[in-house]
Every structure is written in structure tokens, then in C-alpha cells.
Amino acid sequence: MQATDQSERAVYWGTGRRKTSIARVRLVPGSGQLVINKRPGDDYLQFNPAYLNATKAPLEVLGLENAYDVLVNVKGGGLTGQADAIRLGVARALCELDPENRKPLKVEGYLTRDPRAKERRKYGLKKARKAPQFSKR
């Protein structure tokens, strides 16, 4: 009896990071809605198809785009970093849902965290690598 209660309210969590963006993703059985920071996903991502496709790509690989609602809390960075963070969070939540999902997601590269981030500024320079203008005289 308890196992069915848990499966009815099954919630799967995944955390995604990219640059300075952090996305906490919940997968809940539903109709395929995307809600980001309590707003519809297409509204939050400014109706940009590239961002929307990126966030839903892991679900499409497994054919689950209409099986789960994706509820996201995301902060930091810009829309590109946030969309990629959401994609990683969705992929990790799908791995928690069923360990068999790991292989197809890994092949597509959706479980790889992109380590690139802004390089810190060094003293004596204007930016991370940009030196002040040099004049011999």
C-alpha cells in the first residue's frame, strides 16, 4: 500500500550548474509542462526555441516529453547558462528516475558538466589577461 502512495507522488530531483547558474530541477509525473521560477518556461526563456529545445532535449531522447512536468528553481548567470544548467538538472533527475536512462543520456552528452567559467582577474592587468597599454616612451 505504501509503495503505491510513493509512486503516485514520485518526485525526482536533479541539480545542474553552468558558469554561475544553478538550477534545482524536480520531475513530477504530469503532462509535460515546464515551469521556471513559478513562470511558464517559454515565457521565462523569452520564447527562444534554442533555449526551450536545450531544456527539453533529455526528455526527448528518452521519449518522455509528455510524461513529466519539469519544475525548476534557477538563479545566477544569463539565459544561456541557465538553460544549460536546466538541461543538466533534467538529465540527472532522469537518471534518478531509472538508472537505465544513464547510457542514452551519456551518449548524447547530457550528463557532462561544462567546466568552463570566467577566469579571475589578476593584479596589474585590466581583465584576466588584458594588459594595460604599453608605451616605450
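The dialogue below goes through the terms used for this predicted model and how its values meet them.

Trainee: What are the ground rules for the numbering and the values?

Mentor: Residues are numbered from 1 along each chain as its sequence is written. This is a predicted model, where local features need pLDDT of at least 70, side-chain atom pairs count only at pLDDT 80 or more, and totals for chains, interfaces and linings use all residues, while side-chain values use heavy atoms, with hydrogens and water left out.

Trainee: Why is Ser21 called buried?

Mentor: Buried means under 20% relative accessible area, exposed over 50%, and partly exposed in between (1.4 Å probe, protein chains only). Ser21 has a relative accessible area of 1%, so Ser21 is buried.

Trainee: Where is Ser21 found?

Mentor: Ser21 is found in strand 2, residues 21-29. Strands (E, at least two residues) and helices (H or I, at least four) are DSSP runs, numbered from the N terminus.

Trainee: What does the side chain of Ser21 reach?

Mentor: One partner is the backbone oxygen of Gly76, at 2.8 Å, and another is the backbone nitrogen of Gln82, at 3.4 Å. A polar contact is a pair of N or O atoms within 3.5 Å; within protein, one must be able to donate a hydrogen and the other to accept it, and residues adjacent in sequence count only if both atoms are side-chain atoms. Both distances, 2.8 Å and 3.4 Å, fall within 3.5 Å, so they meet the distance limit.

Trainee: Which residues is Ser21 in contact with, leaving aside its neighbours within four places in sequence?

Mentor: Contact means heavy atoms within 4.5 Å. Among the residues that Ser21 contacts are Gly16, Lys75, Gly81 and Ala85.

Trainee: How do you know that strand 1 and strand 2 pair?

Mentor: Two strands pair if DSSP finds at least two bridges between them. Strand 1 and strand 2 have seven bridges and run antiparallel, so the rule is met. Gly14 stands opposite Val25 in strand 2. The two strands form a hairpin with two residues between them, and Lys19 in the turn has a positive phi of about 55°.

Trainee: Which side chains of strand 1 are buried?

Mentor: The side chains alternate along strand 1: Tyr12, Gly14, Gly16 and Arg18 point to one face and are buried, whereas Trp13, Thr15 and Arg17 point to the other and are not.

Trainee: What is the order of the strands in the open sheet?

Mentor: The five strands have the order 1-2-5-3-4, with mixed pairing. Strand 1 (12-18) and strand 4 (39-40) stand at the edges because each has a single partner strand, which leaves one side of each without a neighbour in the sheet. Helix 4 (residues 79-97) packs on the sheet, touching strand 1, strand 2, strand 3 and strand 5 (68-75). The direction of helix 4 makes about 145° with that of strand 1; axes are lines fitted to C-alpha atoms, for helices over the stretch in contact, and angles run from 0 to 180 degrees between N-to-C directions.

Trainee: What joins strand 3 to strand 4?

Mentor: Strand 3 (residues 34-36) and strand 4 run antiparallel and are joined by two bridges, and the rule asks for at least two, so they count as paired. Val35 stands opposite Pro40 in strand 4.

Trainee: Why does Lys38 count as exposed?

Mentor: Lys38 has 80% relative accessibility, so Lys38 counts as exposed. Lys38 is in the loop between strand 3 and strand 4, and its phi is near 65°, a positive value in a residue other than glycine.

Trainee: What makes Asn48 a cap for helix 3?

Mentor: A side-chain oxygen of Asn48 lies 3.0 Å from the backbone nitrogen of Ala50, at the N-terminal end of helix 3.

Trainee: How far does helix 3 reach from its first C-alpha to its last?

Mentor: Helix 3 (residues 49-62) has 14 residues and reaches 20 Å, close to the 20 Å expected. The expected span is 1.5 Å times one less than the number of residues.

Trainee: Where does the kink lie in helix 3?

Mentor: The kink, about 50°, lies at Lys56, shortly before the proline Pro58. The bend at a residue is the angle between axes fitted to the seven residues ending there and the seven starting there.

Trainee: What about Asn101, buried or exposed?

Mentor: Asn101 has a relative accessible area of 10%, so Asn101 is buried. Asn101 lies in the loop between helix 4 and helix 5.
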